[in-house]
Amino acid sequence: MGIEIVEPNTCIRGCCSSKSIPLHLPPSSYSLLSPIARGAESVVYEGTLNGKKVAVKKPVLSTSEDIDKFHKELQLLCKVDHPGIATLIAVHAKPPNYMFFFEFYESRNLAEKLHVEEWSPNMDQVLAITMQLAKALQYLHSQGIVHRDIKPANILLDRELSPHLSDFGLAAYKETLKGVSVETWKSSGKPTGGFHKKNMVGTLIYMAPEILKKQVHTEKSDMYSFGISINELLTGVVPYTDLRAEAQAHTVLEMNYTEQQLTAAVVSDGLRPVLAGPDLGVPDDISSLIKKCWDGNPHNRPSFNDIVMELDSILDRRNRTKEEDISIEKFSSAQIDNNHVTETGSFLSYQESINWSSQGAQFSKKASLAADNSVTRFWPETASVPSDYRPTLSWGSFATCGRRESMEDTHFLLPHMCNEKDVHMFGIFDGHRGAAAAEFSARALPGFLQTFSSTHSPNNALFEAFVETDIAFKNELDSRRKIRGAVQKDWHPGCTAIAALIVRDKLFVANAGDCRTILCRAGQPLPLSIDHLASRIEERDRVTKAGGQVKWQVDTWRVGVAALQVTRSIGDDDLKPAVTAEPEITETLLSVEDEYLVMASDGLWDVISNEEVVSIIRDTVKEPGMCSKRLATEAAERGSKDNITVIVVFLRPVSTAERIY
Ligand SMILES: Nc1ncnc2c1ncn2[C@@H]1O[C@H](COP(=O)(O)OP(=O)(O)OP(=O)(O)O)[C@@H](O)[C@H]1O
Ligand SMILES: [Mn+2]
Ligand SMILES: [Mn+2]
């Protein structure tokens, strides 16, 4: 890229040097644009270097130990060069600015790709990624380097979706690890915490049992994390938050465990995530390779030389059977074509075949197309004194139909909405009289919000988005009602809805119905919505004034002939306008005291109080998906009879130490 290497090309201490990577940059050659990730140990920016888009990793350096760490990471990065490893282009290794400049990888990290975008790769893509990673690790190990933090969040994908291993913050030379063991440490007499922080590195769910047992970290632990990560790639679920639990693993997977219990289960009971198997179309040879990688005994795990060889022969076998398949396919598709004409009409009835999600998505698409025409951004920064505070988000969700036969809850997760780095939105919809309204709204509402973002304040945009979603759904139903037999005339599906919108340091929660959002602030739950139930006097009055009927029926106050318990909703057009779609909205200024948000459908709040939610999370691995699952499972155990959907959004970075214990 034509950056001149200024001799001597060494760091200021002289411990790092490189022939090809410039270690000194003229300040005019680079600039930092916006931050794209805030980790526990660094901030990663999008930036430019000599006009080229790059990722700039700027470690947080507060102690001299941190600076040692920077030099250690740099020494390693100067040594490695492999297509499966994130490419270091240049470095600024002089005080006060310590920065790594990396090739920019456009398609995010694998964790976001799988769990935020909900990407489901096909088997060819999985195998290509697995092979490239295995080769990168084979190379690293051949150089005597152990990575120690292999996990999907540290696997970056380029445009072609090829993986590049990144984050050498914990990597080390094999021989330097040999000196550290529980024995040598014990004699030094330091408190236990120090040992854990320094040596129990990585993220709990990817950690090999020997590390959890506080034995020494060897290169064999990389194979373990590799196995867990590839299994996650195949199943698409975060380890131990799996719905597809097999009977034998089920007891522990009920999520009734704390970090310590999970550790104990992994170490002593040999607990592992549910293995990707034939039900997902995963061939046996791949399943058994994963099993070998996560064997409890490090000596039984294959080396990366073995793994690459095994993958080679798996790919080989696959290519051969593919050739056979193609000839079979040609034959059978010809047959289907012949039958096609006679078969029409024998499919599902029309009513069943309406896909309400995609109807909603169409509205969303139309709305966003309209919004794209204006160049305006989402609520651009105004002149009025904005605070510097920006929450650092991580999010996860869990949804289960619980004891019900069908699932009528839906939700959406839209962090960094429309590529706005400081605008995020999350929502839950709890359907009744069918799932149609919930399915429609989860897709339509974000699109409407977007349309109003250029003309309305966040408050008003949320309000209008709820109202417009309700109108769009009614129109959609009405037009179906005109087609004979399309939908039943007396069918009036509805849903409650809650949406949380974060715009920089402000949080807006809009609610219609009995989903609920709480904020954990300085360890205490702060409710951000009030349930709209007919049992509330104000709501009962409002409904009656608007022409609705509220009666005590069976066990509680209910609205109309439909006997609805909630007094606000989207849909329910037989009860409009009394049961309004107009939300109540709260506005909260966020600050460092704010820890996380919990949003959930009434299936959770029926049996768990706000305070209990906070104390359960206190006791759970600080991973939002796990917290969500733990809460939902707890609610199910306590006898909740409803569908349960939970979203947890952390607002502060969770340090590596907290993630472990
Ligand atoms: N070269 C890159 N191109 C695009 N995105 C990147 C790049 N490097 C890092 N990122 C983004 O920044 C995130 C954090 O990077 P990295 O893991 O190197 O930082 P960290 O501070 O060590 O984080 P952690 O909290 O995981 O220890 C990555 O998960 C990825 O989303
Ligand atoms: Mn990382
Ligand atoms: Mn790191």
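Around ligand 1 sit 20 residues, and the closest of them are Glu41, Ser42, Glu103, Asn109 and Asp167. The picture comes from a predicted model, so the geometry below is best read alongside the confidence scores given further on. Three polar contacts help to describe how ligand 1 is held. One pairs an oxygen atom of ligand 1 with an N or O atom in the side chain of lysine 57, at 2.9 Å. Another involves a nitrogen atom of ligand 1, which is 3.0 Å from a polar backbone atom of tyrosine 105. In a further one, an oxygen atom of ligand 1 comes to 3.0 Å from an N or O atom in the side chain of asparagine 154. On its own, ligand 1 would expose 620 Å², and the protein buries 89% of that area. As for secondary structure, two or more residues of the shell around ligand 1 come from each of strand 1 (30–38), strand 2 (42–49), strand 3 (52–59) and strand 5 (97–103).

Next come the metals. The manganese ion (ligand 2) is coordinated by Asn154 through OD1 and by Asp167 through OD, with distances of 2.1 to 2.4 Å. Asparagine 154 belongs to the loop between strand 6 (145–146) and strand 7 (155–157), while aspartate 167 belongs to the loop between strand 8 and strand 9, so this pair ties together parts that are 13 residues apart in sequence. Asparagine 154 has a relative accessibility of 6%, so it counts as buried, the cut-off for that being under 20%. Asparagine 154 thus turns up twice, as a donor to the manganese ion (ligand 2) and as a polar partner of ligand 1.

For the manganese ion (ligand 3), the donors come from Asp167, which is listed with OD twice, at 2.3 to 2.7 Å. Aspartate 167 bridges this ion and the manganese ion (ligand 2), and the two ions lie 3.9 Å apart. The bridging residue is placed in the loop between strand 8 (163–165) and strand 9 (172–173). Aspartate 167 is also among the closest residues to ligand 1.

A few backbone details stand out. Most residues other than glycine have a negative phi, and most peptide bonds are trans. Proline 95 and proline 96 are nevertheless joined by a cis peptide bond, with omega at about 0 degrees, and proline 96 is in the loop between strand 4 (88–94) and strand 5. The bond from lysine 576 to proline 577 is cis as well, its omega being near 0 degrees; here proline 577 lies in the loop between strand 19 (570–571) and strand 20 (584–589).

That loop also holds aspartate 572, a non-glycine residue with a positive phi of about 50 degrees. Aspartate 572 is buried, at 0% relative accessibility. Glutamate 118, again not a glycine, has a positive phi of about 55 degrees. Its setting is the loop between helix 2 (110–115) and helix 3 (123–142), and with a relative accessible area of 59% glutamate 118 is exposed.

How far does confidence reach? Mean pLDDT for the protein is 84, with 84% of residues at 70 or more. Residues 243–256 fall below 50, and that stretch has 29 contacts in the model beyond near neighbours in sequence. Residues 327–352 also stay under 50, with six contacts beyond four places in sequence. The overall scores are ipTM 0.97 and pTM 0.54.

Definitions and conventions
Residues numbered from 1 in each chain as written. Chains lettered and ligands numbered in written order. Predicted model: local features only at pLDDT ≥ 70, side-chain atom pairs only at ≥ 80, totals over all residues. Heavy atoms only, no water. Donors = N, O, S within 2.8 Å, 3.2 Å for Na, K, Ca; no water. Helix = DSSP H or I, 4+ residues; strand = E, 2+ residues; numbered from the N terminus. Buried < 20%, exposed > 50% of the residue type's maximum accessible area, 1.4 Å probe, protein only. pLDDT = per-residue confidence, 0-100. Contact = heavy atoms within 4.5 Å. Near = heavy atom within 4 Å. Polar contact = N/O pair within 3.5 Å; in protein donor to acceptor, adjacent residues only side chain to side chain. Areas by Shrake-Rupley, 256 points an atom, 1.4 Å probe, with all protein chains shown as cover.
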